[in-house]
Amino acid sequence: MAVFLQTARSDSAKRSGRNTGVPAEYSPGTTQDLPAAYAHCRQINRHYGTTYYFSTCFFPKRLRPAVHSLYAWVRYPDEWVDNPHGMTLDEQRDRLRQWRDATADAIKTGNSDHPVLSAWADAARRFEVPSQHMRDFLDAMEMDLTITRYETFQDLQRYTWGSASVVGLMMCHIIGARSEEAIPHATSLGLAMQLTNFLRDVGEDWRERNRIYLPMEDLRRFSVSEDDIASNRLTDNVRALVRFEADRAREIYAHADAGMQYIPREGRLPVRLARVLYSRILDKIEDNDYDVLTMRARVPTSEKLRTLAYEMLRS
């Protein structure tokens with residue numbers, strides 16, 4: 001059981017273009033040696049995923065490279081979809097197709113000229129990560145190219161299955177949480193963290209990508225219009241909607257917590273740490289008077305360190 005993404009998404013601003021030094025475009029180059037490939041993945045993780053990277057530092061050393069390679073593998077297509085930097089829709093689709101084909105080839109042969117694919121192929125083969133999970137993730141990335149609204153929560157979950165839950169299932173293989181009992185809890189953790197990202201980034205997603213990840217049925221239920229979001233109107237109705245979505249996420253976190261027992265002890269601390277830090281974003285949203293239109297909830301480093309100390313004692 002476990003997922004940190006993002007997504008999987010990056011917690012450095014779910015699909016944010018604020019950082020410089022975006023992942024390089026996919027283009028085969030010289031053959032990468034494996035240590036250098038894993039080091040490249042680690043740098044991508046460290047640059048983009050602050051909370052995620054902080055948590056991964058507490059995995060056993062033997063697992064960390066694989067965890068970094070998973071992050072880097074999902075980061076590349078995520079970046080192409082959300083920050084195209086001038087690419088047309090057809091070019092984005094082609095980039096995803098190249099990544100899909102190159103991933104399949106790397107998994108089959110065990111090597112690649114691209115450092116991320118080289119590292120991820122090694123990790124995925126060693127930890128027996130199902131290729132279907134990778135295909136499901138890339139399917140979700142393609143959805144992001146054309147789908148900007150979701151009518152119901154059930155519709156949204158069809159997207160989050162690929163964008164977040166299967167990333168958690170891939171993580172399960174890496175950390176050794178492979179029992180059938182772990183699967184629904186891992187799925188819940190991925191969903192809860194993704195919903196937290198969606199809620200934190202309502203304003204950003206609208207302004208930068210014309211996307212609304214809150215179900216349309218929920219907006220109608222609380223009499224919130226798209227114009228309220230576009231105009232940054234923090235009405236009582238908007239606050240009630242945000243409170244409702246935060247409560248939903250907390251319920252899903254609670255279901256995820258019931259599965260922590262299925263995680264091998266050596267992987268439990270970093271998973272628990274990531275879970276707690278992500279859920280703290282919901283607390284920060286409340287502290288901001290539920291303003292997810294003009295403010296971005298953040299967990300400061302000092303609080304991360306206090307949480308780490310507490311979780312180390314708790315474990």
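1. Trp73 is in contact with a set of residues that lie further than four places away in sequence, namely Trp99, Thr103, Val116, Leu117, Trp120, Met134, Phe137, Leu138 and Met170. These contacts, like everything below, are read from a predicted model.

2. The largest nonpolar core has 96 residues, and Trp73 is named, together with Trp120, Ile174, Ile175 and Ile285, among those that touch the most other members. The largest share of this core, eleven residues, is supplied by H7.

3. Helix H7 spans residues 153-175, and the helix is mostly covered, with 18 of its 23 residues buried. H7 has a kink of about 55 degrees, centred on Thr160, and the residue that follows the helix, Gly176, has a positive phi, near 85 degrees.

4. Over the whole structure, a search for aromatic pairs returns twelve. The pair formed by Tyr150 and Tyr213 has ring centres 6.3 Å apart and planes at 20 degrees, and it is therefore classed as stacked, since planes under 30 degrees apart fall in that class. The two residues are 63 apart in the chain, so this pair joins distant parts of it: Tyr150 is in the loop between helix H6 (131-146) and helix H7 (153-175), while Tyr213 is in the loop between helix H9 (202-209) and helix H10 (216-221).

5. Are Tyr150 and Tyr213 buried or exposed? Tyr150 has a relative accessibility of 4% and counts as buried, and Tyr213, at 3%, counts as buried as well, because the cut-off for that class is under 20% relative accessible area. Ring pairs also bring Tyr159 and Phe198 into a cluster with Tyr150 and Tyr213.

6. Two arginines are placed over aromatic rings. The charged end of Arg248 sits over the ring of Phe153, at 3.9 Å from its centre, whereas Arg243 lies over the face of Tyr290, at 4.7 Å from the ring centre.

7. Which residues does Asp218 contact, once its neighbours within four places in sequence are left aside? They are Leu241, Phe244, Glu245 and Arg248, and the last of these, Arg248, is the residue whose charged end sits over the ring of Phe153. Asp218 itself is located in helix H10, and with a relative accessible area of 4% it is buried.

Key
Residues are numbered from 1 along each chain as its sequence is written. This is a predicted model: local features need pLDDT of at least 70, side-chain atom pairs count only at pLDDT 80 or more; totals for chains, interfaces and linings use all residues. Side-chain values use heavy atoms; hydrogens and water are left out. Rings of Phe, Tyr and Trp (its six-membered ring) pair if their centres lie within 6.5 Å; planes under 30 degrees apart count as stacked, over 60 as edge-to-face and the rest as tilted. Helices (H or I, at least four residues) and strands (E, at least two) are DSSP runs, numbered from the N terminus. Buried means under 20% relative accessible area, exposed over 50%, partly exposed in between (1.4 Å probe, protein chains only). A charge sits over a ring if NZ of Lys or CZ of Arg is within 6 Å of the ring centre and within 35 degrees of the ring normal. Contact means heavy atoms within 4.5 Å. The bend at a residue is the angle between axes fitted to the seven residues ending there and the seven starting there. A nonpolar core is a set of buried Ala, Val, Leu, Ile, Met, Phe, Trp, Tyr and Cys residues joined through side-chain atoms within 4.5 Å.
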